[in-house]
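This report covers strand pairing, burial and selected side-chain contacts. It is meant to be read beside the coordinates.

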Amino acid sequence: MVYTFAVTAVCPISTRIRNVYEAGLRGVTSVVIGLSSQWGVSVATMQGHTEDVRCVSYSPDGERVVTASDDKTIRSWDSRTGAEFLVLEQETWVMSVAFSPDGKDILCGLSSGELLLL
């Protein structure tokens, strides 16, 4: 089975997921204008991971997306087209991924306790 995920920037007002998590976000972030009441069409759909996606991170310029999955892979994608251009297999689970502030590096946290700098 292949899992598909859609990357969405803001969770709409009238969705159950927003109602569940909104209290925890108060004071952390807020959207003043442009918040829709329902889900719209996803911007891009990426396919490739074979198990649950654990973490998603956008590059600072918004051009790339990096994902970590329970399939023990790190994948990098073009955020506009959904094209996959990097797959790195690991021996342990990849727990988190994040871009450096300049977008040149990717930091990955592994379940072994190691940090991997790409």
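The text below goes through the hairpins, a buried histidine, a charge over a ring and an open sheet. The model is predicted.

**Strands 4, 5 and 6**

Strand 5 covers residues 73-78. Of its 6 residues, 5 are buried, so strand 5 is largely enclosed by the rest of the structure. Strand 5 pairs with strand 4 (residues 64-69) in the antiparallel sense, and its pairing with strand 6 (residues 84-89) is antiparallel as well. Each of these pairings also forms a hairpin, as set out in the table.

| Hairpin | Bridges | Residues between the strands | Turn residue with positive phi |
|---|---|---|---|
| Strand 4 and strand 5 | 5 bridges | 3 residues | Lys72, about 65° |
| Strand 5 and strand 6 | 5 bridges | 5 residues | Gly82, about 80° |

Individual positions can be located within these pairings. Thr67 stands opposite Arg75 in strand 5. Trp77 has Glu84 in strand 6 as its bridge partner.

**His49 and its contacts**

His49 belongs to the loop that runs between strand 2 (45-47) and strand 3 (53-58). Is His49 buried or exposed? Its relative accessible area is 1%, and a residue counts as buried under 20%, so His49 is buried. The side chain of His49 has a polar contact of 2.6 Å with the side chain of Thr67. A polar contact of 3.1 Å links the side chain of His49 to the side chain of Thr73. Thr67 is also the residue that stands opposite Arg75 in the pairing with strand 5.

**Lys72 and aromatic rings**

Lys72, in the turn between strand 4 and strand 5, has its charged end over the ring of Trp93. The distance to the centre of that ring is 4.8 Å. How many aromatic pairs does a search of the whole structure find? The result is 0 aromatic pairs.

**The open sheet**

Strands 7, 8 and 9 make up an open sheet of 3 strands in the order 7-8-9, with antiparallel pairing. Strand 7 (94-99) and strand 9 (115-117) stand at the edges. Each of them has a single partner strand, so one side of each is left without a neighbour in the sheet. From one strand to the next, the twist averages 20°.

Strand 8 (residues 106-110) runs antiparallel to strand 9, and 3 bridges join them. Within this pairing, Cys108 has Leu116 in strand 9 as its bridge partner.

Conventions:
Residues numbered from 1 in each chain as written. Predicted model: local features only at pLDDT ≥ 70, side-chain atom pairs only at ≥ 80, totals over all residues. Heavy atoms only, no water. Phe/Tyr/Trp six-rings, centres within 6.5 Å; stacked < 30°, edge-to-face > 60°. Lys NZ or Arg CZ within 6 Å of the ring centre and 35° of its normal. Helix = DSSP H or I, 4+ residues; strand = E, 2+ residues; numbered from the N terminus. Buried < 20%, exposed > 50% of the residue type's maximum accessible area, 1.4 Å probe, protein only. Polar contact = N/O pair within 3.5 Å; in protein donor to acceptor, adjacent residues only side chain to side chain. Pairing = 2+ DSSP bridges. Axes fitted to C-alpha atoms, helices over the stretch in contact; angles between N-to-C directions.
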